[in-house]
Every structure is written in structure tokens, then in C-alpha cells.
Amino acid sequence: MIHILNQGAWYKGGRFLTQADASLPAPEEARKGTIAHAILEAHNTSGDKHQLKIKFDAMASHDITYVGIIQTARASGLERFPLPYVLTNCHNSLCAVGGTINEDDHVFGLSAAKKYGGEFVPAHQAVIHSYMRERYAAPGRMILGSDSHTRYGAYGAMAIGEGGPELVKQLLNKTYDVARPKVIAIYLTGAPRPGVGPQDVALALIGATFQQGVVKNAVMEFFGPGVASLSMDYRAGIDVMTTETACLSSVWATDGLTKAALTALGRGDQFQPLAPVDGAYYDNVVTVELDKVEPMIALPFHPSNAYTIREFKANMTGLLRQVDQDAAEQLGVKNAPSLLSKVSGNGFQVDQGVIAGCSGGTYQNLRRAAEILKGHPIGSDAFWLSCYPGSMPINLELTKTGCIADLMAAGASIRSCFCGPCFGAGDVPANGAFSIRHSTRNFPNREGSKPGDGQISYVALMDARSIAATARMGGLLTAADELPGMPADRPDEQWAYDGTPYQARVYFGVGRPQPEAELIYGPNIADWPAQIPLPEDLMLTVASAIYDPVTTTDELIPSGETSSYRSNPLRLAEFALSRKDPAYVGRAKEIQAVEQLRRTNPAAPEVAAALKGHDPAKTGLGSLVMALKPGDGSAREQAASCQRVLGGCANVAEEYATKRYRSNVVNWGMLPFIAEDLKERNLQPGDQIYIPGIRALLEGDGETVEAVLYQDGKESAITLTLPAMTREERDIVLAGCLINYYAS
């Protein structure tokens, strides 16, 4: 159902050609024929076709990121929002942890929207990406968001999810700097079968591409005859999950259905047709045969751990044993409740279902669930189902059409417009329980459990249709296509949008700043601690060493309950690596204390011992995190800033999982080192690396430094590289962090 062509090809006459003929331009020229090239070119201010400097049309943040972004921009000279900036409140909207501090953030957000001229969406009104699809996404636009699932490609908009500092740059009239990305053709054919939903297509695509890195840091461009068979909700459901492939962005060809959707949203004048030029060149081609996609399940602990439900049922024992092994290795839980206990002669028993967020909470998904469950109660046993509409207009239309009543009558609980189940702050399953979710991620701890406290639960990703089919069977895992009479998804299915709820509650202040308005601070909102410029030399101590194949941002800084402290850098830093390496914070603080002593008393014996005879006047002390491939997942900057707050100066990796995490590392003044043979070197906490001349290296254009590794009482050489650091990135690290860079 997924076919990958791992080489470049021209798209001409409805087919892909890998060999040029006289009618085809050279690849460099033919790349200009892609949709992505045209949009990037329209937003590039550099004049350089290889190194882009992008200015976006709009931005969006939610309530665990906007406080830090505005605080950083304010410290760097912010006077007003120079572009539309939407502040939504869909992550900490339950205000369930930490006393008043979540609502204090919301009050701060409204005051900032008034002062600087922004758009403020109160809690429970909309999930960030549902709101942006309804209000801002349009063909040819570029939108930046401080959430990794910032994807509006289905509407012809290229959207990128990044860490907060990249949004700060836009607020300060700077640019988003990136090397021109590869563009990968995602060619759709056929039409989905009844019972197969957008999450099934997305999981099949993620499973086929993520491990191979086929689309990493590239733009996925969707087109082909299959696009016409998909409604806009269906396209958006596939599109938002492209984040899990590790791509940079996505964009789709537009058509009459796009225009009809924009018209229904009251923005029909923003439509423009988008399609690749005949003869356009793509760096790779992925063909998706929609008619061959089956209902899918992504087992713990990654969306790419994807199988057809049919395959899972045929191989349950072996696959579940692997989950047990992964739980022991990735979560460090040796005697976790085994999912094998849920296998019986009838099949596999599920404990919980959730349909939620930017991927699951669309009108079409919840309507299909209501149709499948109508007249079929889910029963009074252990299984339970929660449904979260993505926005109040979606909720309103589902209510008008009776779908909410049908879901409620079947025993499902209807929740507000909230992202909690996607990041561990809502509907946490019981210990040992298995949850099936139409949401974005199933990383370790993403459902809210705490393995360190003896709690572990499991999340698998599925489509709303199969979740509803499972609920109809009382929790017995069931693919939607196993039941007769499954309702089909029509491509022309466009829900009747009514923006009245927004008119009643949203603060629309774009372009109308009130400089005299005061920012309202709660007691948990704190400034970033000061950082010093990069010293001439560095002596870094390994504070954590992670040898997992991939390290997620959730493991670097947990989601869920920690989100309440995201407005307080010092308090949040206490949670850094808490679920992956609980001793990390203590180790980092010990190193940081010696560095602080070096600045005041360089002759102290503790300083001399740490520096191993190197000059305390020019050699700074700091910590580093070693991970083979860090940064998969969320865009949240705190995955890097918490390391910096604790005295971190560098990451050492074989590669970085995403551009956005590497950018966060740089923007917080840390060095994104690459090193080879890390497994063989077996770095461990307490090992030290002396890096001479690092400041001079960054002041110039060097990329390689010969360092000294102190390990087990011995010295050895280690080569560290800083590939492709731009001049601005070097200057940010030299200054100590982005705030220092702009302040100077």
C-alpha cells in the first residue's frame, strides 16, 4: 500500500520519470515546479536560493509555550506583535495542577494580547490546530507555531512547528533561517474503503518512512488522483500526523473541495489553486495506494510501531512480548503488568478509548464514531470512551446534527476542546491498562503514567472508526471493517461552520496593540536566569548518557503535569530527564555549583580538581547530555532550555532527530556537537571532555575541534564536529543564548 522510490524523479504527464530526456529540465531548474518551492520563494527574504530566510504570515502558540516566548521577546526588545499571533489555551486549560498558576498564565496571555496586539482564544474554545485551520490556514500561506503538530498543508498552507525562540525571532522582525529543504512527492491513488480513516493512512505512512528517515527535515508534498477522494477533514487528519515522520513541513495540492471548505469557513476569497508544474522534480517519491490501506494500530511506544489490526491479531503474542521488552528497556520497569494478560480466546481486551485533539477531534471523525455507536451501548464493564471535539464550532455542529446525543446515549463521555490526552494531562488510564487513541502520539509516559512511581499504562494509536467499533464490542479490539454496514467517508462531506462561539469569547486584537496596557503576572511567572557568554575553552562533564536508538523530547522534559511549571524556568528544570535519568538534575547542579565557584573563587580546590590543571581564567565548566539521536517529538523549547538552566553547555549526539530540537539547543546557547562511535566509547556520567579553543572556533568558520576525553583515569582524543552552523547560530552560542544575542 506504500511504495518508496529512493531517488529523484520528474513528475510529467501523470507519471514519475527517473531518467531525463530532452523535454525535461535539469533537476535544479525542475525543482522550481513544486508547490513547496513556490511558497518558500514567496516568503524567502535572503535572495539566496539555498539558504532561506523566511518571514511567516501568522503564528500560533498555546498556554504551555506563549508565556516563555513573550517573556523572551520582551527581554529582547519586543514592542508589538508585527504579524498575527494567536494565543490559544488548550493544554493547561483544566487548571488541575499547581494551584492558580495555570489560570495565571491565561490572564497573562490575555494581557499580552491586549498590550502587543494579538488574538486570544480562551480555555475550552478550541484546540490550537483546529482553530488555525478554521481561521488562518489558506493556500500559499506560511504559518509558524510553537507546537510540533503545526501542520495546515491540507489547506495549501506550509506550516512549521518549532521551539519558542524561533517565534521570538519573528516577533523581533527577524527571520526563520533554514537550508532549502528537500521536497518529497507523496502521490495518492485510489480511494479509502469504508471503515478506513485518516489515522489509518497516516500510521501506514509513518510506519513506512520514519525508521528509514525518508522524509526527515523535508517537505512532504501531497498530490495525485487520490486527493480528490478525500474530504478536507480526512486530508487534515493525515496531514497533522506528518510530524511523526520527522518531516519539516507539508503541503497539499488544492482543488474544488478546498475552495468549498474555505467558503464554508467564510474565507472563500483566500482560495488559490495549487498543483505541481508538469515536469517538476522531487527528491524522492512515496506512493500511497489508498484503496489498499487497512485499519491500523501503532503499538507502544511510537507511532511508527505500526501494523494492520489484522496483522496484530494474527501475531499478538510475539508483538506483545516485544512491548513488554520495550517497557523494560525504555522505561526501566522490569516487572510491569504484561499486556499478554489481556489476550483471551475472544481476542484482545482494551480498557479505554479516546478520540481527541487536532487529529481525532474533527467533525467527520466524531460523526463516524457516532454513526457506528448509535443504538449500541458500550456497556458497564471496565472499558470507557471519551470524545473531545477539536473546537466549539465543531462541537456546536455535532450537537445540532444529533451526533453528540448519539455518543452520549451510547455511554461515551463528551469533553471540552482540550489537548490533554495527547500529552499526558487528561484521561490517564489505570496502572497496566491499555488505551486506544485517535490522537497524535503514544510515546512512553505520554498518557500520564509515572513508571518511576510504579505506574505504567500503555497507549496504541488507532482511527476513530476502529475505536468506535471496539467500543461497540465492549472493548474487544475490533477493526472498523470487521463490522457490517460501516458508513463511508464522502469527499464532499463539509460541515456547516458557525463561528458564533468565537465571536462571543475570542479577543480579536491583531493590529490593535495597547502599549499602555500592563502585563499581569502570576507568582509562578519568572524571568529566564542570566547566562554568560561562551568562554574561550570548556571542560564539560557528562551528566547523562542515553543509548536508546531515539530519545524523545518527552524523555528530556516530561509532558503532562510538568506543563504547569513551564512559565517558571527554575522550577521546570527540576523535572529535566526525571523519567529517563532521575539522577541527572543532581549531577548537573553539582557541576553548575563548581562553575559558579570558578567565577568568584577560581583558586578553590574544587575548581582545580574539576579543571584538571587547565586555566580557570579562560576555561568554563559545564555539563553535557550524550544521546545517540535526541529530539524526536515535541517542539517545546524546554527540552533544551532546562539543560541550559542547569548549567548545560552542549549535547553530544550521533545525529539529531529533528531540526527543531537542534535549533532549540542552539537558541539556548548550547553546542550541538556530533561525534562518531559513541556506543564504542561508552561515555558515562562523570566522564569529562576538555574542548580547547571553542570560542575561537565559533568566531571563525571551523567545524571540527580535537578534544580530550577523560574517562576511567585515562586520557584519549575525541573529535567533535559542528556541521552546518550558520553565522547567526555561532553568534547566538557565543553570546550565551538568544536573549543575550538580541540584547547586545
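In this predicted model, the second largest cavity holds about 110 Å³ of space. Its lining is formed by S130, R133, E134, Y155, M232, D233, A236, L265, T362, I394, Q494 and W495. Two elements, α5 and α8 (232-239), each give two or more residues to this lining.

The largest cavity has a volume of about 190 Å³. Of the 21 residues that line the largest cavity, H62, H91, D147, H149 and R446 lie nearest its centre. The elements contributing two or more residues to that lining are α5 (128-135), α12 (357-360) and α16 (420-423). The count of cavities of 30 Å³ or more comes to seven.

The table sets out the lining of each of these two cavities by residue class.

| Cavity | Nonpolar | Polar | Charged |
|---|---|---|---|
| Largest cavity | seven residues | 10 residues | four residues |
| Second largest cavity | six residues | three residues | three residues |

A further site to consider is P558. This residue, P558, is located in the loop that runs between α19 (553-556) and α20 (569-573). The relative accessible area of P558 is 1%, and P558 therefore counts as buried, the cut-off for that class being under 20%. Leaving aside residues up to four places away in sequence, P558 touches R566, F575, S578 and R579. Q688 stands 130 residues apart from P558 along the chain, and a separation of 27 Å lies between the C-alpha atoms of the two residues.

How values were computed
Residues numbered from 1 in each chain as written. Predicted model: local features only at pLDDT ≥ 70, side-chain atom pairs only at ≥ 80, totals over all residues. Heavy atoms only, no water. Helix = DSSP H or I, 4+ residues; strand = E, 2+ residues; numbered from the N terminus. Buried < 20%, exposed > 50% of the residue type's maximum accessible area, 1.4 Å probe, protein only. Contact = heavy atoms within 4.5 Å. 1 Å grid on protein atoms, 1.4 Å probe; cavity = no way out; pocket = protein on both sides within 12 Å on 5 of 7 lines; lining within 4 Å. Points joined across faces, edges and corners; volume = space filled by probe spheres on them. Nonpolar A, V, L, I, M, F, W, Y, C, P; charged D, E, K, R; others polar.
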